[in-house]
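Student: I'd like a close look at one small spot in this model, and then a walk outward from there. Where does that spot sit, what does it touch, and what do the neighbouring parts look like?

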Amino acid sequence: MYKIDHYIGGKNVAATGGRSAPIYDPSTGQVQGEVGLASTDDVDTAVETAAKAFESWSDTGLMKRVSIMFKFRELLEQNRDELCEHIVKEHGKVWDDAMGELTRGFEIVENACGIPEMLKGEFSEQVGSGIDVYNTRQALGVVCSITPFNFPAMVPLWTIPLAIACGNTFILKPSERDPSCANVMARLFSEAGLPDGVFNVVHGDKVAVDHILKHNGIEAVSFVGSTPVAEYIYHTGTANNKRVQALGGAKNHAIIMPDADIDQAVDAMIGAAFGSAGERCMALSVAVAVGDNVADEMITKIKDQAENIKVGCGMSAGNEMGPLITKEHCARVKGLISEGEKDGAKVVLDGRTFEGPDGKEDGYFCGPTILDNVTKDMSVYKEEIFGPVLVVVRVNSYGDAVKLVQDHEYGNGTCIFTREGDIARNFTRKIKVGMVGVNVPLPVPLAFHSFGGWKRSIFGDHHMYGPEGVRFWTKIKTVTSRWPTSIMSGANLSFPSSD
Ligand code: NAD
């Protein structure tokens with residue numbers, strides 16, 4: 001049993017208020033640790049600490065900030081195994097998948113090392129007589145990020161490095177289900193030389209989040225999680241005059257055209273539907289097969305591979321898929337499969353009957369599941385399942401497939417499998433989704449682009465990291481300056497113009 005405290009002002013700080021939550025090992029169902037949950041006083045302490053640190057951090061030279069970020073990147077790599085172990089033991093995903101998460105997170109830190117280039121302003125010389133104008137982007141102040149359970153390292157890293165490199169001071173409120181990675185990153189930041197109070201971790205639940213949303217000392221809130229909470233965060237945060245970006249849930253469709261390379265599409269679908277037990281916001285959870293021939297061939301091939309996926313504890317070598325995050329979530333996923341069956345979907349592969357690997361029967365396991373003949377009125381189609389469940393919708397034409405994607409409330413990611421450039425181009429131009437793949441199942445943008453969906457997969461104007469991240473974590477200032485010279489003439493009361 002271990003205990004996770006907050007990390008405020010460069011040290012571990014116990015939660016006040018006496019509340020805590022258990023940390024489960026999802027592969028056994030056993031409690032392995034405990035995390036202290038923040039009181040409103042704890043949030044106040046973190047904000048005061050971060051506000052104090054902002055005074056000097058926002059004045060720290062750009063190259064000094066960069067050198068700390070380089071060192072942090074080096075330390076992350078040196079401590080990769082420790083981070084990976086926390087992810088696997090608390091989240092449940094398998095080792096290689098957790099390593100992949102870390103790689104994608106570290107790339108954002110690498111990108112943040114290039115912050116001087118991204119913060120370069122714009123300069124216009126001689127816009128009027130002796131007058132120059134320039135823009136700079138300045139830090140906001142104390143900012144906060146609230147993150148979900150499904151990427152305990154990568155999603156926090158979507159925000160922390162850029163926000164801090166831009167000169168802000170930071171409070172992370174990670175998921176209470178897998179909190180350990182946040183504290184390792186905090187420790188590594190301190191070892192990298194980040195001044196105390198620049199990066200703080202406050203663990204907690206709705207009590208902490210609600211206080212963050214209303215706190216006058218916090219300028220901006222970034223959120224990633226489920227859509228109902230994202231919508232609440234956006235409305236509450238903006239009503240309290242904060243800048244807010246809130247990324248929500250997803251139901252990502254893959255369209256498989258009759259001319260697609262079916263084997264390539266099947267391999268891609270296996271990874272994208274069942275990887276991380278489907279607990280990815282970019283998981284491909286709906287396969288839209290254009291024509292019955294495509295559907296029949298694809299389902300046979302996906303089933304052949306999916307029933308051989310090795311499901312078990314993430315720490316055991318060779319396993320390819322781990323458990324779900326909680327007992328309740330596992331029951332919800334299985335309940336939705338049953339609802340789909342009741343609504344008329346055909347259960348081609350049934351993960352509900354998976355009995356759990358030896359000795360781990362109390363873990364929150366659900367095996368890979370395939371539902372065929374799903375229609376758009378069914379809850380398995382409408383709702384984000386967030387489990388290893390692939391639903392197959394059969395349509396007759398490309399137009400019908402596109403209509404499904406356009407009409408769905410979510411618009412995070414999508415992908416089309418085709419060999420036809422004409423179709424692919426039409427799809428990428430017209431589809432109302434934020435991240436689009438052409439024969440690429442998980443089109444997660446790299447660090448130097450930006451990540452985000454459309455429709456009810458996001459609330460707010462800015463996507464995550466990349467150029468959009470820099471815009472979110474800074475505000476623009478425009479300076480117009482003229483220096484006294486001997487050629488200046490007298491006062492002029494007319495409205496300034498460039499004449
Ligand atoms: P969640 O919404 O339950 O929790 C996210 C965060 O909000 C956590 O830190 C949690 O403590 C806090 N929280 C939960 N309920 C709250 C409430 N009522 N009021 C205030 N705060 C609350 O999400 P989760 O289960 O941790 O993560 C899974 C969800 O996240 C899925 O819907 C998934 O699609 C989504 N997600 C989206 C993206 C994206 O980029 N769009 C990325 C990863 C995950």
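**Starting from one strand residue**

Tutor: Let's start with Asp132, which sits in strand E7, residues 131-139. Keep in mind that this is a predicted model. Setting aside residues up to four places away in sequence, Asp132 touches Phe123, Ser124, Glu125 and Gln126, plus a second group made up of Val479, Thr480 and Ser481. That second group belongs to strand E23, which runs over residues 474-482. For a sense of distance, take Val198, 66 residues from Asp132 along the chain: the two C-alpha atoms are 34 Å apart.

Now follow E23 to Thr474, which has its place in that strand. Is Thr474 buried or exposed? With 0% relative accessibility, Thr474 is buried. Not counting neighbours within four places in sequence, its contacts are Leu119, Arg137, Gln138, Leu140, Cys166 and Arg243. Two of these, Arg137 and Gln138, fall within the residue range of E7, so to speak our starting strand. Another, Arg243, belongs to strand E12 (243-247).

E12 is a handy bridge to helix H9, as it is among the elements that cover the buried residues of H9. The cover also includes strand E8 (142-146), helix H8, strand E11 (220-224), strand E18 (410-411) and strand E22 (458-459). The residues being covered are Thr227, Ala230, Ile233, Thr236 and Gly237. In length, H9 has 13 residues and reaches 18 Å between its first and last C-alpha, close to the expected 18 Å at 1.5 Å a residue. After H9 comes Asn241, with a positive phi near 65°. For context, most residues other than glycine have a negative phi.

H8 deserves its own look. The axes of H8 (residues 206-214) and H9 (residues 227-239) come within 8 Å, crossing at roughly 35°. On the H8 side, the residues that meet H9 are Lys206, Val209, Asp210, Leu213 and Lys214. Their partners in H9 are Tyr232, Ile233, Thr236 and Gly237. Sorted by class, this contact has four nonpolar, two polar and three charged residues. Ile233, Thr236 and Gly237 turn up twice here, being on the list of H9's buried residues and in the contact with H8.

Two other helices are useful for seeing how burial is arranged around an axis. Helix H1 (residues 40-57) has 18 residues and reaches 25 Å from end C-alpha to end C-alpha, close to the 26 Å expected at 1.5 Å a residue. Its buried residues are Asp42, Val43, Ala46, Val47, Ala50, Ala53 and Trp57. Looking down the axis of H1, these buried residues fall within an arc of 135°, so they line one face of the helix. The face turned away from that buried side carries the exposed residues Asp41, Glu48, Lys52 and Glu55. The general background is that an α-helix has 3.6 residues a turn, so residues three or four places apart point the same way.

Helix H11 (residues 292-306) can be read in much that way. Its 15 residues should span 21 Å at 1.5 Å a residue, and the end C-alpha atoms are 20 Å apart, which agrees. Buried in H11 are Val294, Ala295, Met298, Ile299, Ile302 and Ala306. These cover an arc of only 115° around the axis, which puts them on the same side of H11. They pack against helix H10 (262-274) and strands E13 (252-256), E14 (284-290), E15 (346-349), E16 (369-372) and E17 (389-395).

Between H10 and E14 there's a loop, and Ser276 is in it. Its phi is near 55°, a positive value in a residue that isn't glycine. At 5% relative accessibility, Ser276 counts as buried. Lys455, in strand E21 (residues 454-455), has a positive phi too, near 50°. Lys455 is partly exposed, though, at 28% relative accessible area.

Zooming out, the protein chain has 16 helices and 23 strands. Its radius of gyration is 25 Å, close to the 23 Å from the globule rule for 499 residues, so the chain is as compact as a globular protein of that length. The C-alpha trace spans about 85 × 55 × 40 Å along its principal axes, and 57% of the residues count as buried. Of the contacts between residues at least 6 apart in sequence, 72% join residues at least 24 apart.

How values were computed
Residues are numbered from 1 along each chain as its sequence is written. This is a predicted model: local features need pLDDT of at least 70, side-chain atom pairs count only at pLDDT 80 or more; totals for chains, interfaces and linings use all residues. Side-chain values use heavy atoms; hydrogens and water are left out. Axes are lines fitted to C-alpha atoms, for helices over the stretch in contact, and angles run from 0 to 180 degrees between N-to-C directions. Helices (H or I, at least four residues) and strands (E, at least two) are DSSP runs, numbered from the N terminus. Contact means heavy atoms within 4.5 Å. Ala, Val, Leu, Ile, Met, Phe, Trp, Tyr, Cys and Pro count as nonpolar, Asp, Glu, Lys and Arg as charged, and the others, Gly among them, as polar. The expected span of a helix is 1.5 Å times one less than its number of residues. Buried means under 20% relative accessible area, exposed over 50%, partly exposed in between (1.4 Å probe, protein chains only). The arc is that of the directions from the helix axis to the C-beta atoms. The radius of gyration is taken over C-alpha atoms; the globule rule is 2.2 Å times the number of residues to the power 0.38.
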